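Thank you all for making time this morning. I would like to walk you through a structure that is new to most of you, taking the aromatic rings, the strands and the pockets in turn.

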Amino acid sequence: MSSPALATREAGGVGGEYSFTNDDFRTIAAILHKDSGIHLPEGKMALVYSRLAKRLRHLGLRSFREYCAYVAGPEGAEERSAMLRALTTNVTRFFRESHHFDHLKERLAGGLAAKVRAGGRLRIWSAGCSTGEEPYSIALTLLSVIPNAAELDIRILATDIDTNVIAKAMSATYSAEVLKEIPPGLRSRFKTRGAEAEVDESARALISFRELNLMADWPMKGRFDAIFCRNVAIYFEEPVQERLWGRFGDKLQADGRLYIGHSERVDDQRFATDGQTVYRLARPK
């Protein structure tokens, strides 16, 4: 996954060390929804207890009622961010859903690369970039077609709501095991040091990492040739998803593409399908 998703591991039960009521759960769910747009169903009550009990211990609080009051208060802003990180997980890998990168490569070979070589610009957004595997996969795909991409007007914007995963992404350092996920012809773009592999500068130079909440205002002024937002909207309620697709449509070039997760669908008349979980803006009739 390329952005926070609700973790799926369930705790053995609710209760024990701390009192945790339905009202406590509803308060936490409402805060999470307001801050991130993520919908927390009632079936996740045990998970919330399991994940947040550690935060109560860290803060020295005696009950979830105290915790709810704390995160809802003026001094709880930092803890709200910690709560978001505790309740979400980031499942991702290099070249996940590889057909999207094949599609992007075909678009590059079909005209985008020529446009950039002729002096045009190319902009791609990884929305919900998690720990960086997605934007680096995009960068490696670009370099496979345009080896001198860093010398041209090509930029990848990579955003996430979680500053911790952005810091990890910016380090560009992963377990050397990830090289098994990389197409053989692109493995030379990594520098290996023992058990670690670092993405080389040619790919790193293409990417700008930024903190961004998809539910907040977006500061970007220009439009994108491609937007990757995969396995993120599935955790939003339908009205929130619909607003998000519409906002992405406003940020796409006329011939741009939107890449989404395998469990997601865009139900918006502004879009038409252009491959497996790939959408383009529909042409006016």
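**Rings, strands and pockets**

Let me begin with a charged side chain and a ring: Arg 247 lies over the face of Trp 218, and the distance to the ring centre is 3.9 Å. Please keep in mind throughout that what you have in front of you is a predicted model.

There is a second arrangement of this kind, in which Lys 168 sits over the face of Tyr 174, at 4.9 Å from the ring centre. Lys 168 belongs to helix H7, which covers residues 163-171, and with a relative accessible area of 34% Lys 168 is partly exposed, because that value falls between the 20% under which a residue counts as buried and the 50% over which one counts as exposed. If you look for Ser 130, you will find that its C-alpha atom is separated by 8.6 Å from that of Lys 168, although the two residues are 38 residues apart along the chain.

Tyr 174 also takes us on to the aromatic residues, since Tyr 174 forms one aromatic cluster together with Phe 94, Tyr 136, Phe 190 and Phe 209.

How many aromatic pairs does a search of the whole structure find? The search gives 16 of them, and I will show you two. In one of these, Phe 20 and Tyr 49 form a tilted pair, with 6.0 Å from centre to centre and 45 degrees between the planes. This pair links distant parts of the chain, given that Phe 20 is in the loop between strand S1 (5-6) and helix H1 (22-36), while Tyr 49 is in helix H2 (residues 45-59), 29 residues apart. Both partners are covered: Phe 20 counts as buried at 9% relative accessibility, and Tyr 49 is buried with a relative accessible area of 8%.

The other pair is made by Trp 245 and Phe 248, which are again tilted, at 6.4 Å centre to centre and with 40 degrees between the planes. Here the two residues are separated by about one helical turn, because they are 3 residues apart in helix H9 (residues 238-250). Trp 245 counts as buried at 2% relative accessibility, and Phe 248 counts as buried at 0%.

Let us now turn to the strands, starting with S3, which is mostly covered, as 6 of its 6 residues are buried. Which residues of S3 point one way, and which the other way? Leu 122, Ile 124 and Ser 126 are on one side, Arg 123, Trp 125 and Ala 127 are on the other, and all are buried. That is the pattern one would look for, because in a regular strand the side chains alternate between the two faces of the sheet.

S3 has partners that we can follow one by one. With S4 it pairs in the parallel sense over 6 bridges, and the bridge partner of Leu 122 in S4 is Ile 154. With S9, S3 pairs in the parallel sense over 3 bridges, where Trp 125 has Ile 227 as its bridge partner. Strand S9 (residues 224-229) is largely enclosed by the rest of the structure, because 6 of its 6 residues are buried. S9 in turn is joined by 5 bridges to strand S10 (residues 252-260), and these two run parallel; Phe 224 has Leu 252 of S10 as its bridge partner.

Finally, the pockets, where some of these strands return. The largest pocket has a volume of about 250 Å³. It is lined by 16 residues, and the closest to its centre are Arg 123, Leu 157, Ser 208, Met 220 and Phe 224. Strand S3 (122-127), strand S4 (154-160) and strand S8 (207-211) are the elements that give two or more residues to this lining, and S4 gives the most, with 4 residues. By kind, the lining of the largest pocket holds 7 nonpolar, 3 polar and 6 charged residues.

The second largest pocket has about 200 Å³ of space. Which element supplies the largest share of its lining? The answer is helix H4 (residues 77-87), with 4 residues. Among the residues lining the second largest pocket are Asp 35, Arg 80, Arg 85, Asp 162 and Glu 211, and the lining divides into 3 nonpolar, 3 polar and 5 charged residues.

Methods. Residues numbered from 1 in each chain as written. Predicted model: local features only at pLDDT ≥ 70, side-chain atom pairs only at ≥ 80, totals over all residues. Heavy atoms only, no water. Phe/Tyr/Trp six-rings, centres within 6.5 Å; stacked < 30°, edge-to-face > 60°. Buried < 20%, exposed > 50% of the residue type's maximum accessible area, 1.4 Å probe, protein only. Lys NZ or Arg CZ within 6 Å of the ring centre and 35° of its normal. 1 Å grid on protein atoms, 1.4 Å probe; cavity = no way out; pocket = protein on both sides within 12 Å on 5 of 7 lines; lining within 4 Å. Points joined across faces, edges and corners; volume = space filled by probe spheres on them. Nonpolar A, V, L, I, M, F, W, Y, C, P; charged D, E, K, R; others polar. Pairing = 2+ DSSP bridges.
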